[in-house]
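Subject: Structure for you to look at, with notes

Dear colleague,

I am passing on a structure that I would like you to have open while you read the notes underneath. Please look at it first, and then compare what you see with the description that follows.

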Amino acid sequence: KGRKGERYLASGQYLSLKDLSKMISIISGKKTPSFTGPAFLAKVGLPFITLYARLKKEDPLYTSNSLEILKNSNSKISHAKATSELEYNPRPLEETLRDTFEWYVQNGLIK
């Protein structure tokens, strides 16, 4: 259905980390972090997070790439063009998170 040469953004809704944490808290019934620290603090902690993850043989909590994405993300994203021209209708994020959480519980990955 798309027009030749056009580009479409198939996005959902934008949420700040704080709002995402609140939504996850409501869905899971568990307390999530409410503090959102400044980006420079996360950048200062990056070498320590990376070293800790290597010692534990785990993936780091965050990376320089993930910090860059958060720093440069655009809160004004819109799928309006895809919705009007392609009949794109994204699923609500809360519904997706709820289903994801329930899947993790059903598969014994979280209690």
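A good place to begin is L20, which is found in helix α1, where helices are DSSP runs of H or I with at least four residues, strands are DSSP runs of E with at least two, and both are numbered from the N terminus. Before going further, please bear in mind that this is a predicted model, in which local features need pLDDT of at least 70 and side-chain atom pairs count only at pLDDT 80 or more, whereas totals for chains, interfaces and linings use all residues. Residues are numbered from 1 along each chain as its sequence is written, and side-chain values use heavy atoms, with hydrogens and water left out.

L20 is partly exposed because its relative accessible area is 26%; the cut-offs are under 20% for buried, over 50% for exposed and anything in between for partly exposed, with a 1.4 Å probe and protein chains only. Leaving aside neighbours within four places in sequence, L20 is in contact with L15, L93 and L97, contact being heavy atoms within 4.5 Å. The C-alpha atoms of L20 and T32, which are 12 residues apart along the chain, are separated by 9.7 Å.

The packing of α1 against α5

Two packed helices are described by the angle between their axes and the distance between the axes. Helix α1 covers residues 17–28, and its axis comes within 10 Å of that of α5 and crosses it at roughly 50°; the axes are lines fitted to C-alpha atoms, for helices over the stretch in contact, and the angles run from 0 to 180 degrees between N-to-C directions. The two helices are therefore oblique to each other, a class that takes the angles left over once those under 35 degrees are called roughly parallel, those over 145 roughly antiparallel and those from 65 to 115 roughly perpendicular. The crossing of α1 past α5 is right-handed, in that the near helix is turned clockwise from the far one by less than a right angle, while an anticlockwise turn would make it left-handed.

On the α1 side the contact is made by L20, M23, I24, I27 and S28, and on the α5 side by L93, E94, L97, R98 and F101. By class, this contact has seven nonpolar, one polar and two charged residues, with Ala, Val, Leu, Ile, Met, Phe, Trp, Tyr, Cys and Pro counted as nonpolar, Asp, Glu, Lys and Arg as charged, and the others, Gly among them, as polar.

Two residues of α1 deserve a separate mention. I27, in helix α1, has a relative accessible area of 12% and is therefore buried; not counting residues up to four places away in sequence, I27 touches E94, L97, R98 and F101. The C-alpha atoms of I27 and E94 are separated by 8.0 Å, although these residues are 67 residues apart along the chain. S28, also placed in helix α1, is buried because its relative accessible area is 16%, and a polar atom of its side chain lies 3.1 Å from the backbone nitrogen of K30. That is a polar contact, meaning a pair of N or O atoms within 3.5 Å, where within protein one must be able to donate a hydrogen and the other to accept it, and where residues adjacent in sequence count only if both atoms are side-chain atoms.

The segment before α1

S11 is found in the segment before α1 and counts as buried because its relative accessibility is 10%. Apart from neighbours within four places in sequence, S11 is in contact with I77, S78, H79, Y88 and P90. Y14 has its place in that segment before α1 too, but Y14 is partly exposed, with a relative accessible area of 38%, and its contacts, again without neighbours within four places, are S73, N74, S75 and I77.

The loops

S78 sits in the loop between α3 and α4 and is partly exposed at a relative accessible area of 42%. Its C-alpha atom is separated by 6.7 Å from that of S11, 67 residues apart along the chain, and a polar atom of the S78 side chain lies 3.1 Å from the backbone nitrogen of A80.

Finally, please check the backbone at K57 and E87. K57, in the loop between α2 (39–56) and α3 (64–72), has a phi near 55°, a positive value in a residue other than glycine, and counts as exposed at 77% relative accessibility. E87, in the loop between α4 (80–86) and α5 (93–106), has a phi near 60°, which is likewise positive in a residue other than glycine, and E87 counts as exposed at 61% relative accessibility.

With best wishes
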